[in-house]
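The following exercises are to be worked with the sequence and the model at hand. Each task is followed by a solution in steps.

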Amino acid sequence: GLTLASDIKAGIAEYLAHRRLRESQVIACLADGVVTAEAIVSRLYLDLPEALRPAARQTIEAHLSMLRG
């Protein structure tokens, strides 16, 4: 019980830290004039298999939408 709860909390904390990191990377792209989801994906997801690009693009589009308010 306690170990599972600790694992869940740690997993959530790791996920949130990753989301904050990705958000800061998206903001840096925007500041550098890299503004389309596709261009941001190309910049941030190096060596990403083509089959995973649509999912990465959706993630970036969600970040852009949240940042735009």
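A salt bridge is a side-chain nitrogen of Lys or Arg within 4 Å of a carboxyl oxygen of Asp or Glu. The model is predicted: local features need pLDDT of at least 70, side-chain atom pairs count only at pLDDT 80 or more, and totals for chains, interfaces and linings use all residues. Residues are numbered from 1 along each chain as its sequence is written, and side-chain values use heavy atoms, with hydrogens and water left out.

**Exercise 1. The overall fold**

Task: Determine how many helices and strands the protein has, and in which order the elements run.

Solution.
Step 1. Helices (H or I, at least four residues) and strands (E, at least two) are DSSP runs, numbered from the N terminus.
Step 2. Under this definition, the protein has three helices and zero strands, and the order from the N terminus is α-α-α.
Step 3. The radius of gyration is 15 Å, well over the 11 Å that the globule rule gives for 69 residues, so the protein is more spread out than a compact globule. The radius is taken over C-alpha atoms, and the rule is 2.2 Å times the number of residues to the power 0.38.
Step 4. Along the principal axes, the C-alpha atoms fill a box of roughly 45 × 30 × 15 Å.
Step 5. Buried residues (under 20% relative accessible area; exposed means over 50%, partly exposed in between, with a 1.4 Å probe and protein chains only) make up 19% of the 69 residues.

**Exercise 2. The salt bridges**

Task: State how many salt bridges the structure holds, and which of the residues Glu38, Arg53 and Arg57 are linked in a network.

Solution.
Step 1. The structure holds three salt bridges.
Step 2. One of them pairs Arg43 with Asp32, with the closest N and O atoms 2.6 Å apart. This pair links distant parts of the chain: Arg43 is in helix 2 (residues 37–44), and Asp32 is in the loop between helix 1 and helix 2, eleven residues apart.
Step 3. Arg53 forms a salt bridge with Glu38, with 2.5 Å between the closest N and O atoms. Arg53 is in helix 3 (residues 53–68) and Glu38 in helix 2, 15 residues apart.
Step 4. Glu38 also meets Arg57 in a salt bridge (2.6 Å, N to O). Glu38 lies in helix 2 and Arg57 in helix 3, so this pair ties together parts that are 19 residues apart in sequence.
Step 5. Glu38, Arg53 and Arg57 are therefore linked in a network of salt bridges.
Step 6. Within this network, Arg53 is buried at 11% relative accessible area, whereas Glu38 is partly exposed at 32% and Arg57 is partly exposed at 27%.

**Exercise 3. A buried arginine without a partner**

Task: Establish which side chain of opposite charge is nearest to Arg22, and which residues Arg22 touches.

Solution.
Step 1. Arg22 is found in helix 1 (residues 2–31).
Step 2. Lys and Arg count as positive and Asp and Glu as negative, while His and the chain ends are not counted. Arg22 is buried yet has no salt bridge, and the nearest side chain of opposite charge, Glu23, is 11 Å away.
Step 3. With contact taken as heavy atoms within 4.5 Å, and not counting residues up to four places away in sequence, Arg22 touches Leu44, Tyr45, Ile60 and His63.
Step 4. Of these, His63 belongs to helix 3 and is buried at 8% relative accessible area. Beyond four places in sequence, the contacts of His63 are Arg19, Arg22, Glu23 and Val26.
Step 5. Tyr45 lies in the loop between helix 2 and helix 3 and is buried at 17%. Leaving aside neighbours within four places in sequence, Tyr45 is in contact with Arg22, Ala56, Thr59 and Ile60.

**Exercise 4. An unusual backbone angle**

Task: Describe phi of Asp47 and decide whether this residue is buried or exposed.

Solution.
Step 1. Most residues other than glycine have a negative phi.
Step 2. Phi of Asp47 is near 60 degrees, a positive value in a residue other than glycine.
Step 3. Asp47 is in the loop between helix 2 and helix 3.
Step 4. At 79% relative accessibility, Asp47 counts as exposed.
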